[in-house]
Amino acid sequence: MSFRTALSGINAATTDLSVTSNNIANVSTAGFKEGRAEFGDLYAASIFGTSRNTAGSGVRVTGITQQFTQGPIEFTNRNLDVAVSGGGFFTLNNNGATVYSRAGNFQVDRDGFVVNPTGARLQIFPPTDQSGNNFETGRLQDLQLTTTDSAPSASTEVVVGSNLPANGTVPVAAPFDPNDTNTFNHSTSITLYDSLGVAHVQTLYYVKTANPNEWQLHNYIDGTAVGTAQTLQYDAQGALTTPATGFVTLPAYTPTTGAAAINLTLDLRSSTQYGERFAINDLRQDGYTTGRLIGIEFSQEGVVFARYTNGVASPLGQVALTTFPNQQGLQNLGDNLWSETFDSGGPRRGAAGTSDFGLVTSGALEGSNVELTEQLVNMIVAQRNFQANAQMIQTTDQIQQTIINLR
């Protein structure tokens with residue numbers, strides 16, 4: 001009986017060493033979760049037996065469980081490396097089967113899909129609009145990068161934050177001529193875009209009138225006058241009083257590119273008349289040209305944005321994270337993948353930044369949660385257990401040899 005008891009101990013120690021060896025081998029594997037061998041004692045007693053007179057029959061392996069503690073976040077500065085800080089798993093489509101992973105070392109395949117190293121596609125909640133705030137959390141979709149250019153957007157509003165000198169003088173040359181600098185006091189320019197993404201130059205000319213605190217604003221696009229001069233009136237404190245709303249709507253300008261007419265509104269609310277110097281404190285417009293894809297990035301909430309050369313950030317979706325009632329019940333598939341089982345319970349999906357799903361960090365990976373020093377200590381303990389059980393077999397053999405040699 002002692003032989004089999006000691007043999008079960010040797011087998012248990014061997015399993016413990018195998019688990020420890022696997023942990024050490026994966027100390028640098030992204031998203032790896034260390035395993036732990038768990039054991040139970042054996043008792044072979046009859047229905048009438050009692051624990052007080054039962055020696056026990058050894059030990060058996062009751063399970064090898066994964067320890068889903070958080071691994072360290074290691075920054076890589078690669079946009080497609082993504083780490084989860086919290087309890088969520090990445091949701092992946094592996095040839096039609098839904099699998100889960102903590103390893104966020106993603107890449108792009110030849111069809112533009114974002115995949116893990118084995119080709120499983122990252123799953124997202126598709127956007128319902130282009131605001132980047134609303135997503136269909138009840139539907140999963142493969143994340144695919146678009147290769148088409150970002151469409152242009154025509155300029156519709158120009159914000160002009162100017163300060164005109166309070167001591168400005170009336171130009172002696174007349175009438176106003178944009179080609180004669182003697183006929184105006186100051187000018188500034190900004191680039192606009194039509195519906196086809198073609199750039200146009202808008203120039204604003206400021207001309208002081210003979211009336212106190214009054215200026216004329218002339219608008220030109222590509223050298224062509226757009227409407228008549230607009231009157232700007234300021235009060236004694238330098239605040240704009242005319243136009244009363246601070247907005248000026250210009251007549252439509254039809255470009256020669258075949259694009260739709262440009263309809264502009266000037267926002268002059270921050271325009272002032274102070275001091276002795278002309279200054280432009282704010283000058284911006286809301287249009288943009290076409291853009292080429294230059295990369296993607298993930299927000300902390302897992303929103304995936306495609307960034308283009310024109311400055312546009314288009315939301316492609318939100319990373320779908322999944323949690324389970326019993327993470328240790330997941331089936332380990334290898335290659336940093338797990339699958340759902342009856343023991344794990346049903347999946348619960350959601351977005352980063354909500355509930356216990358955690359946060360997403362772009363340009364980083366979750367490292368292995370294996371603590372190397374701890375594993376080396378476990379290795380020594382398992383080795384001693386193996387040696388002790390082997391010694392027990394040797395001792396039992398010596399006892400039996402002594403009994404056989406009795407005369």
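Gly287 is buried, at a relative accessible area of 9%, where buried denotes under 20% relative accessible area, exposed over 50%, and partly exposed the range in between (1.4 Å probe, protein chains only). This glycine lies in the loop between strand S21 (279–285) and S22; helices (H or I, at least four residues) and strands (E, at least two) are DSSP runs numbered from the N terminus. Leaving out residues up to four places away in sequence, Gly287 touches Ser153, Ala154, Ser155 and Tyr193, contact meaning heavy atoms within 4.5 Å. One of these partners, Ala154, is 133 residues from Gly287 in sequence, yet the two C-alpha atoms are 4.9 Å apart in space.

The model is predicted: local features need pLDDT of at least 70, side-chain atom pairs count only at pLDDT 80 or more, and totals for chains, interfaces and linings use all residues. Residues are numbered from 1 along each chain as its sequence is written, and side-chain values use heavy atoms, with hydrogens and water left out. The mean pLDDT of the protein chain is 92, and 97% of its residues reach 70 or more; pLDDT is the predictor's confidence in each residue, from 0 to 100. Among the elements, strand S19 (residues 265–267) has the highest mean pLDDT, 98, and strand S22 (residues 293–298) the lowest, 88. S22 is also one of the two strands that flank the loop of Gly287.

The overall form of the chain comes next. The protein chain has two helices and 30 strands. Its radius of gyration is 37 Å, well over the 22 Å that the globule rule gives for 407 residues, so the chain is more spread out than a compact globule. The radius is taken over C-alpha atoms, and the rule is 2.2 Å times the number of residues to the power 0.38. Along its principal axes, the C-alpha trace spans about 140 × 45 × 35 Å. Of the 407 residues, 41% are buried. Among contacts between residues at least 6 apart in sequence, 60% join residues at least 24 apart.

The surface and the charges may be taken together. The protein chain exposes about 21,100 Å², of which carbon and sulfur atoms supply 50%; accessible areas come from the Shrake-Rupley method with a 1.4 Å probe, and for residues only the protein chains shown count as cover. There are 20 positive and 33 negative side chains, and the centres of the two sets lie 13 Å apart. Lys and Arg count as positive and Asp and Glu as negative, while His and the chain ends are not counted. The place of a charge is taken as NZ of Lys, CZ of Arg, CG of Asp or CD of Glu.

Asp222 is found in the loop between strand S14 (214–221) and S15. At 38% relative accessibility, Asp222 is partly exposed. Apart from neighbours within four places in sequence, Asp222 is in contact with His200, Val201 and Tyr253. Val201 is 21 residues from Asp222 along the chain, and their C-alpha atoms are separated by 5.3 Å. On the other side of S15, the loop between strand S15 (224–225) and strand S16 (230–234) holds Thr228. Thr228 is exposed, with a relative accessible area of 61%.

Arg348 belongs to strand S28 (residues 348–350) and is partly exposed, with a relative accessible area of 38%. Outside the four nearest places in sequence, Arg348 touches Leu321, Thr322, Thr323, Ser355, Asp356 and Phe357. By contrast, Arg348 and Ala199, 149 residues apart in sequence, have C-alpha atoms 49 Å apart in space. Ser355, one of the residues touched by Arg348, is placed in the loop between S28 and strand S29 (359–362). Ser355 counts as exposed, at 64% relative accessibility.

Ser355 also introduces the backbone geometry. Most residues other than glycine have a negative phi, and most peptide bonds are trans. Phi of Ser355, however, is positive, near 50°. Asn77, also not a glycine, has a positive phi of about 60°. Asn77 is in the loop between strand S3 (73–75) and strand S4 (82–85), and is exposed, with a relative accessible area of 72%. A cis peptide bond, with omega about 0°, joins Thr242 and Pro243. Pro243 is found in the loop between strand S17 (240–242) and strand S18 (247–249).
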